[in-house]
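The exercises below are to be worked with the sequence and the model open side by side. Each task is followed by a solution in steps.

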Amino acid sequence: MMQALLVDEVSGAPLLDLTADVRSATVSRNRHGSARIALTLEAPGLAAAQEIRRLRGAPELLITDRGRIVARGRLEDRGIRAGVDLAAYGYQNALRDTLYTAVWSDVSLERWRPITAFERGDTQPDRWETDTQTNGLSVSPKEGETLGGGLTAFWWLYQVPSQSTREIAGLQYRLRHLLPSSSWKIEIWRLNEAFSASGPVSSFSGTGATADIAASLLFVTSTRYIGLKIYYDAASAAYAASTGTHWVRFTNLRVVSLDAYRPNTTLAAGAAAGATTISVTSAADLYVGQEIVLNSAGALSEIRTVTAISGTTISIGPALTNNHSGGESVTGFFASADQIIGDLVANVRASNPSQLSASLARVQASDYDLMDAVYEDMRPAAILDLLEIRGSQSALRWRWRVDDHKALCWAPEQSGRIWDVDAEEIEIEESIADMYNAVYATYSEAGGRALRTSVETDAISQTRRRLVRQLAATAGNTTDATNAERVRSAVLADAARLQPRIRIPVRHVFDRSGGEYPPDVVSPGDTIRIRNLDLAQSVHDNDRAFAIEEVEIDLRSGEVVIVPANPAPTLELLLARPRPTRYAAQPTVRAPGARRIEA
Amino acid sequence: MGILYLALTDKSTSTVVLSDGGRGASPLRLAQEGWAPVVAGLRPPMSLGGLGPYADVEETIPIMAATTGAPDVYAALRQLEALLRQAALWRRYPHQYAPVYVQIVPAGSARSISNPLEALVVGYPGDTEGGAGPIELASAWSRAPLAGLLDDIRISLIRRGAWLGETDVASDSASAGTAFTATFATSHDEYSPITFGWDLPNTPSSSGQLYAISGSGLVATDDADRLLVYDDASFASPSAPWSTSVQSNALGGNVRRYTPAAANTFSGTSLNVPSIFAVNGTYLVYASLRASSAAPEWSLYVSVALRSTRTIQTEPITWKRGDYNTAELVALGIISLPTGDPQIGTPIAAATNAVQLFAAASTISGSPVLDVDYLVIVRVDPSAFAQRYDLVYGSAAAAYWGTSQQLAMEVLAGTPDRRNPVGYVFKPVSLGGMQPVGITGSPELWARGDTIAGVWVAGTSDQYAAGLYRARDGSGLWAPTFSFTRRRAYLIPT
């Protein structure tokens with residue numbers, strides 16, 4: 001039999017046994033775990049009410065079944081009237097208590113700016129022409145300006161967000177430059193918050209010709225600022241050439257605060273110019289979508305994107321420009337959702353150690369390199385919501401939730417279970433208000449003109465409903481007709497089906513093997529299948545098998561109310577995924593997570 | 001059904017007899033048109049709220065007053081109203097009021113009126129703020145008392161669904177990890193409440209020699225065949241990072257030890273397929289766990305492969321040990337082996353062919369180890385009752401222990417009136433000032449069979465997986481005696 005207890009949230013010591021007085025009890029779960037546990041105690045339970053009022057801290061409402069935890073949450077609402085109404089909220093709320101500011105990976109140029117003369121005495125930014133509008137940081141000496149003499153440098157500066165809990169551990173970049181002579185220098189510095197440092201960590205000199213270098217630079221010591229210094233290392237002299245004749249250009253900049261899981265391998269064999277595959281000695285920490293650097297900071301170094309992995313054979317794009325020899329380094333960075341989640345858990349536990357488990361055993365490793373992962377003043381739950389959208393390379397959407405043991409879970413959505421039920425009676429509330437069986441998608445051509453795909457219809461739905469309902473689906477900012485058609489099809493697949501709200505009185509559910517379980521095991525992300533419904537009549541309208549978005553369980557009657565997933569995950573996934581525009585023609589605005597590598 | 005005896009009583013200061021076979025002197029009588037008790041229904045088996053398997057029932061009992069004068073009627077009605085109000089107040093303030101019972105002996109019963117069946121009164125229907133009282137008077141009230149006869153009075157009350165009768169006891173003793181079976185003389189037709197306690201023999205004669213309860217628990221069921229214990233010998237040969245480790249006082253002498261090589265990485269060890277799984281059904285799985293360090297949080301789950309084609313597993317749980325490195329009883333979850341083919345509903349053999357226990361540690365800093373002394377697996381379907389209890393305070397400090405002490409359960413000794421007992425269920429006998437020990441889990445069993453089987457899991461602060469208590473000098477485990485007191489339940493008074 002079940003038991004309802006109030007326990008001390010830190011020690012777990014029981015404070016009050018409410019079981020005998022429970023008049024109604026429901027547990028609501030959403031896709032992030034237990035959301036709300038609502039208990040109403042019998043009106044006579046005033047002794048308990050008085051004790052409840054006196055409880056300090058954030059006592060935990062714990063519901064168990066013979067030791068098995070059915071639901072738990074922190075007591076947040078206490079209403080004492082004729083009876084006692086208690087509402088506890090699941091530990092997913094622990095991720096809504098604190099704020100988080102940190103940089104993990106930043107490919108944006110927004111945080112780069114010139115260092116002013118007030119900040120460093122050796123800089124004169126007004127003597128240099130700059131440009132940040134073409135997918136990189138460009139700088140060129142201005143015609144007629146006096147440069148040299150040690151105090152006329154130009155500095156690009158990157159600063160981590162104020163109070164960021166993480167510092168910069170590495171920098172990845174592609175550097176192209178055309179400088180007149182070796183007296184012209186380019187240096188990479190780690191700076192402290194006073195804009196000073198002991199010296200550069202990497203330096204290059206002009207050669208009078210165009211040079212091209214790619215590097216994945218891991219700092220020995222992390223830093224809060226990075227400086228990119230360009231200067232003329234000679235006596236002061238007027239720069240006589242036209243502005244733009246000589247230049248320095250950083251592209252594919254990536255600032256990271258991580259050094260774990262870094263791909264760090266070598267070419268197992270030479271790779272010729274034009275090759276689209278390379279062979280590496282180890283594929284550890286290499287993932288599709290990741291940017292890697294061949295022969296970092298060395299001669300003929302290149303930066304490429306991993307497009308496929310087959311053992312130690314790595315497909316890359318675009319094709320190699322240079323020849324490479326076996327043994328050359330293959331390095332990069334990898335910012336994954338699971339690393340960030342681990343830090344979020346630590347962040348929460350630093351303030352509220354009793355609210356979340358330290359265990360990350362249920363956090364699965366993600367396979368998607370998060371290029372843009374900068375968070376400022378955000379709730380951990382909001383960050384996790386973002387990661388759900390962007391956290392995976394695969395077609396499946398990933399989900400976060402906090403289980404009833406306070407452990408944060410991070411896994412693909414498909415990991416839910418399938419439960420069969422035999423419904424003796426079923427109540428379904430449905431409406432055609434959100435049902436559409438003819439859909440087209442809107443997108444745009446390169447010049448911005450709105451375009452529409454052809455209409456795709458669901459013939460079965462139109463026949464059954466004898467009604468055509470049209471919907472225009474927005475395919476985002478894509479200019480790709482094929483992509484827009486995929487969005488159209490996904491929207492139709494979801495919208496043509498009714499999304500009922502279902503109330504099913506069940507005492508048991510059955511797993512796919514026929515094993516019998518109490519209904520309280522049902523969770524969002526699972527699928528409920530009503531196996532005694534007529535298959536022929538119900539296969540289309542989503543009323544036989546339901547992916548569960550929310551569930552409410554009456555712990556006295558066993559009745560289960562299910563809200564099916566809506567919209568379906570396939571649609572959300574398509575709309576949320578970054579556009580494959582990294583190599584599209586000269587984008588002037590970088591789509592999230594998408595950059596181009598210049599030929 | 002005739003009523004030979006019907007009374008409301010707090011067993012102390014107040015009793016109102018409504019029917020006594022004509023022998024009593026109470027001015028109140030069960031009305032002549034008669035009354036029959038409501039037969040309680042079963043609550044849903046997984047239901048939260050109330051007590052036991054039977055729903056509370058609402059009774060409306062017609063009574064009449066027949067006496068020589070109005071003062072006696074008034075006094076009797078006042079007493080009756082006070083008793084019912086006392087029942088409601090007891091529900092509000094259980095430590096300040098005595099519980100009230102309704103007692104009954106049906107006509108023709110072999111039972112004597114000195115040994116009635118009884119059910120706890122937990123209030124009355126209007127027992128809310130502004131609600132009606134428990135007594136409804138007749139419209140003839142204004143004149144009838146003067147005539148000494150007042151008919152058509154109705155009292156309303158809410159009582160526990162089961163009538164409780166005879167008491168019998170059973171006991172058995174066993175050390176931790178060893179299943180015990182206490183056997184009653186007979187089975188009963190209805191689920192009957194059973195309360196339990198235990199006695200500790202031969203406690204050490206001086207303080208400082210005993211590390212008492214510190215994280216322990218009991219699993220109990222009403223059928224010995226439904227509860228089995230599996231120790232390290234029941235596991236398959238281990239491979240790293242799992243191993244077999246010889247430990248003092250471990251069941252069978254060994255524990256199955258997990259030494260995690262990496263944090264947050266599940267690793268499994270295989271069991272020989274537990275014999276209990278030969279019967280399809282729903283199982284609760286518990287483990288006696290001990291961790292060397294308080295730093296890690298351990299995640300555990302059980303995986304079962306069915307017919308080589310499908311794997312089922314428990315939802316992973318997370319467990320963190322307390323201040324002491326004692327064994328604890330941890331519920332790993334629920335496993336169900338199919339009772340029928342999921343498609344056509346015909347019985348099939350589960351043919352379970354692989355069972356594994358998986359564990360992961362949140363950190364490996366300090367090289368922590370997790371010891372699994374044994375697993376307890378309980379089959380809970382279709383109707384067998386199983387319960388699990390936790391002792392959650394290890395606060396019975398050694399210094400308090402003296403000679404010849406007993407630790408016994410005081411509350412619930414034959415009374416079904418459990419109210420908010422947390423922290424006060426168990427307390428030592430004959431030891432003033434001893435700190436009470438807490439419990440979670442309803443401290444009562446409801447069973448129909450004639451046996452109670454259980455496994456006690458407990459540990460001491462400096463020993464692996466030891467018994468409930470033991471002397472520090474290593475003189476061996478003690479086997480406490482578990483005693484069970486049952487009251488026979490009736491739905492229809494007999």
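The model is predicted.

**Exercise 1. A run of paired strands**

Task: Find the residue that Leu294(A) stands opposite in S24(A), then follow the pairing of S24(A) with strand S25 of chain A.

Solution.
Step 1. Opposite Leu294(A), in S24(A), is Glu302(A).
Step 2. Strand S23 of chain A covers residues 291-294 and strand S24 covers residues 302-310; the two pair in the antiparallel sense over 4 bridges.
Step 3. S24(A) also pairs with strand S25 (residues 313-317) of chain A, again in the antiparallel sense, over 5 bridges. Here Ile309(A) stands opposite Ile314(A) in S25(A).
Step 4. S24(A) and S25(A) form a hairpin, with 2 residues between them. In the turn, Gly311(A) has a positive phi of about 65°.
Step 5. As background, strands of a sheet pair through backbone hydrogen bonds, parallel or antiparallel.

**Exercise 2. An open sheet**

Task: State which strands are the edge strands of the open sheet S9-S13-S18-S15-S16 in chain A.

Solution.
Step 1. The sheet is open, has 5 strands in the order S9-S13-S18-S15-S16 of chain A, and its pairing is antiparallel.
Step 2. The edge strands are S9 (112-114) and S16 (200-205) of chain A, since each pairs on one side only.
Step 3. From one strand to the next, the twist averages 20°.
Step 4. Within this order, take strands S15 (residues 184-191) and S18 (residues 225-232) of chain A: they pair in the antiparallel sense over 8 bridges. Leu191(A) has Tyr225(A) in S18(A) as its bridge partner.

**Exercise 3. A buried arginine**

Task: What does the side chain of Arg29(A) reach, and how far away is the nearest side chain of opposite charge?

Solution.
Step 1. Locate Arg29(A) in strand S3 (residues 22-30) of chain A.
Step 2. Arg29(A) is buried and has no salt bridge. The nearest side chain of opposite charge belongs to Asp404(A), 4.2 Å away; the cut-off for a salt bridge is 4 Å.
Step 3. The side chain of Arg29(A) does reach the backbone oxygen of Asp520(A), at 2.7 Å.

**Exercise 4. Two residues, two degrees of burial**

Task: Classify Asp511(A) and Ala472(A) by accessibility, and list what each touches beyond four places in sequence.

Solution.
Step 1. Asp511(A) lies in the loop between strand S37 (509-510) and strand S38 (516-517) of chain A.
Step 2. Its relative accessible area is 7%, so Asp511(A) is buried; the cut-off is under 20%.
Step 3. The side chain of Asp511(A) reaches the backbone nitrogen of Gly515(A) at 2.7 Å.
Step 4. Not counting residues up to four places away, Asp511(A) touches Ile418(A), Trp419(A), Asp420(A) and Tyr517(A), together with Ile312(B) and Ser336(B) from chain B.
Step 5. Ala472(A) sits in strand S35 (residues 470-474) of chain A. Ala472(A) counts as partly exposed because its relative accessibility is 40%.
Step 6. With neighbours within four places left aside, Ala472(A) is in contact with Tyr440(A) and Thr442(A). Val491(A), 19 residues from Ala472(A) in sequence, is 9.3 Å away, C-alpha to C-alpha.

**Exercise 5. Chain B in outline**

Task: How many helices and strands are there in chain B, and what share of its residues is buried?

Solution.
Step 1. Chain B has 2 helices and 30 strands.
Step 2. Of the 494 residues in chain B, 58% are buried.
Step 3. Among contacts in chain B with a separation of 6 or more, 77% join residues 24 or more positions apart.

Note on methods: Residues numbered from 1 in each chain as written. Chains lettered and ligands numbered in written order. Predicted model: local features only at pLDDT ≥ 70, side-chain atom pairs only at ≥ 80, totals over all residues. Heavy atoms only, no water. Buried < 20%, exposed > 50% of the residue type's maximum accessible area, 1.4 Å probe, protein only. Contact = heavy atoms within 4.5 Å. Lys, Arg positive; Asp, Glu negative; His and termini not counted. Polar contact = N/O pair within 3.5 Å; in protein donor to acceptor, adjacent residues only side chain to side chain. Pairing = 2+ DSSP bridges. Axes fitted to C-alpha atoms, helices over the stretch in contact; angles between N-to-C directions.
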